[in-house]
Amino acid sequence: MPKNEGAIYQPLHPDGGIRILILEPGSKDSQICCRLTHTNINDEPEYKALSYEWGPVDDQKLITINGEEVSVRQNLWSALWHLRQDLGDHCAQHSFLLWIDALCINQDDKIECGNQVSMMGSIYRNADVI
């Protein structure tokens, strides 16, 4: 996953803390750029949840999160690219707020993974769209 996870992942609030990925607008050929922000599931934030098949580990592309290059699997890169194209078609000045398990959960932190997996039912239920 991320080369420098410390720059990307900051600790979550223990009572309902989640990360939301902000997909920035961009042209068809530009690098996919995102930011991670913290929110609390108990505050009922607005976001869309992305459910997808992770795909082969050896088929990866780069995106940027919080200014750091991050390798993601091809399936996720394609989903983000298509969502960004849809975003551009509707309004080039707005971002897309997403919850994506592979990016919003620090996959290298087993304690966080366990906590976040236990919250996934609530995360998906509270999403505007899945």
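Select C34 and I65. In this predicted model, I65 of β4 is the bridge partner of C34. Now widen the selection to the two strands around this bridge. β2 covers residues 33-40, and β4 covers residues 60-65. The pair runs parallel and is joined by two bridges.

Next, keep β4 and add β5, residues 68-73. Here the sense is antiparallel, with six bridges between the strands. β4 thus appears in two pairings, parallel with β2 and antiparallel with β5. Pick I63 and look across to β5: V70 stands opposite. While the side chains are on display, recall that in a regular strand they alternate between the two faces of the sheet.

Move to the turn of this hairpin. Two residues lie between β4 and β5. Select N66 and check its backbone: phi is positive, near 50°.

Now leave the strands for the largest pocket. What volume does it hold? About 190 Å³. To centre the view, select L12, H13, E112, N115 and Q116, the closest to the pocket centre among its 16 lining residues.

Then colour the lining by element. β1 (17-23) and α4 (110-126) each give at least two residues. Which element supplies the largest share of the lining? Select α4: five of the lining residues come from this helix.

Last, recolour the lining of the largest pocket by residue class. Six residues are nonpolar, seven are polar and three are charged.

How values were computed: Residues are numbered from 1 along each chain as its sequence is written. This is a predicted model: local features need pLDDT of at least 70, side-chain atom pairs count only at pLDDT 80 or more; totals for chains, interfaces and linings use all residues. Side-chain values use heavy atoms; hydrogens and water are left out. Two strands pair if DSSP finds at least two bridges between them. Helices (H or I, at least four residues) and strands (E, at least two) are DSSP runs, numbered from the N terminus. On a 1 Å grid over the protein atoms alone, a cavity is a set of points where a 1.4 Å probe fits but cannot get out, and a pocket is an open set with protein on both sides within 12 Å along at least five of seven lines; lining residues have an atom within 4 Å of a point. Grid points are joined across faces, edges and corners, and a volume is the space filled by probe spheres set on the points. Ala, Val, Leu, Ile, Met, Phe, Trp, Tyr, Cys and Pro count as nonpolar, Asp, Glu, Lys and Arg as charged, and the others, Gly among them, as polar.
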